[in-house]
Amino acid sequence: MKVSIGKYTDDGEDQKIEVHIDPWDTWSMDHTLAPIILPMLKQLKETKHGAPYVDPDDCPKDLRPKEQNEYDTDDTHFARWDWVLDEMIYAFDCKANKDDVWMRLEDKKEIDKEQKRISNGFRLFGKYYEALWD
């Protein structure tokens with residue numbers, strides 16, 4: 001795979017994007033994309049200037065607002081987005097840098113717990129994909 005993405009321009013020109021995909025890049029596409037997505041998520045978390053609405057049901061109870069209102073921010077608005085980003089980062093880090101859960105853990109309960117967290121991170125990535133902006 002080779003990807004080249006140019007800067008956005010102020011003169012109205014389209015952003016230059018070149019993508020070449022080799023046949024082997026789609027063999028385990030989840031493993032191919034994880035090392036690309038992971039640093040992007042980390043950079044977004046470090047440089048973000050705002051946060052989208054995050055469904056309180058997607059977060060731990062201690063991050064849920066006392067009153068639910070998707071139009072106003074509350075005391076945990078930004079913390080919810082940080083938590084969601086952290087869960088996405090965790091999932092992609094596991095995919096990019098660690099063996100599969102069943103290869104590194106032995107206890108069935110621990111395997112299930114870990115896999116549930118990883119799967120939730122990927123679910124959150126899909127749900128908040130259009131919120132991955134700065």
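**Group meeting: helix H4 and its contacts**

I will start with Tyr129, which has a relative accessibility of 53% and therefore counts as exposed. The cut-off for exposed is over 50%, so Tyr129 falls in that class. Keep in mind that this is a predicted model.

First, the overall layout. The chain has two strands and four helices. Going along the sequence, the order is β-β-α-α-α-α. The chain has 134 residues, and 29% of them are buried. What radius of gyration does the chain have, and what would a compact globule of 134 residues have? The chain has 18 Å, whereas the globule would be near 14 Å. Along the principal axes, the C-alpha atoms occupy a box of roughly 45 × 45 × 20 Å.

Back to the aromatic residues. How many aromatic pairs does the structure hold? There are four. One of them is Phe92 with Phe125. Their ring centres are 4.9 Å apart and the planes stand at 65°, so this pair is edge-to-face. Phe92 belongs to helix H2, residues 77-97, and Phe125 to helix H4, residues 108-127, so the pair ties together parts 33 residues apart in sequence. Both Phe92 and Phe125 are buried. For Phe125 the relative accessibility is 15%, and therefore it counts as buried; the cut-off here is under 20%.

Phe125 also pairs with Tyr129, the residue I opened with. In that pair the centres are 5.7 Å apart and the planes are at 75°, so it is edge-to-face as well. So a buried ring, Phe125 at 15%, is paired with an exposed one, Tyr129 at 53%. Phe92, Phe122, Phe125 and Tyr129 together make up one aromatic cluster.

One further ring deserves a mention, Tyr90. Which residue places its charged end over the ring of Tyr90? That is Arg117, at 3.7 Å from the ring centre.

Staying with helix H4, we come to Gly121. Gly121 is buried, at 0% relative accessible area. The C-alpha atom of Gly121 is 4.8 Å from that of Glu87, although the two residues are 34 apart along the chain.

Now the charged side chains. Side chains of opposite charge can pair when their charged atoms come close. How many salt bridges does the count give? It comes to 11.

Asp58 takes part in a salt bridge with Arg123, at 3.0 Å from N to O. Arg123 is in helix H4 and Asp58 is in the loop between H1 and H2, so this pair ties together parts 65 residues apart in sequence. Asp58 is buried, with 7% relative accessible area, while Arg123 is partly exposed, at 39%.

Asp58 has a second salt bridge, to Lys127, with an N to O distance of 2.8 Å. Lys127 also lies in helix H4, so this bridge ties the loop between H1 and H2 to a part 69 residues away in sequence. Lys127 is partly exposed, at 42% relative accessible area.

Another salt bridge joins Glu114 and Arg104, whose closest N and O atoms are 3.0 Å apart. Glu114 is in helix H4 and Arg104 in helix H3, residues 101-104; the two are 10 residues apart. Glu114 is buried, with a relative accessible area of 12%, and Arg104 is partly exposed, at 30%. Returning to the Asp58 bridges, shared partners join Asp55, Asp58, Arg123 and Lys127 into one network.

Last, an acidic residue without such a partner. Where is Asp22 found? Asp22 is in the loop between strand E2, residues 17-20, and helix H1, residues 29-47. Asp22 is buried but has no salt bridge. The nearest side chain of opposite charge is Lys2, 10 Å away; a salt bridge would need the nitrogen within 4 Å of a carboxyl oxygen.

What, then, does the side chain of Asp22 reach? One partner is the backbone nitrogen of Met1, at 3.1 Å. Another is the side chain of His20, with a polar contact of 2.8 Å.

To sum up, two buried acidic residues are set up in two ways: Asp58 has salt bridges to Arg123 and Lys127, while Asp22 has none and contacts Met1 and His20.

Technical notes. Residues numbered from 1 in each chain as written. Predicted model: local features only at pLDDT ≥ 70, side-chain atom pairs only at ≥ 80, totals over all residues. Heavy atoms only, no water. Buried < 20%, exposed > 50% of the residue type's maximum accessible area, 1.4 Å probe, protein only. Lys, Arg positive; Asp, Glu negative; His and termini not counted. Polar contact = N/O pair within 3.5 Å; in protein donor to acceptor, adjacent residues only side chain to side chain. Phe/Tyr/Trp six-rings, centres within 6.5 Å; stacked < 30°, edge-to-face > 60°. Lys NZ or Arg CZ within 6 Å of the ring centre and 35° of its normal. Rg over C-alpha atoms; globule rule 2.2 N^0.38 Å.
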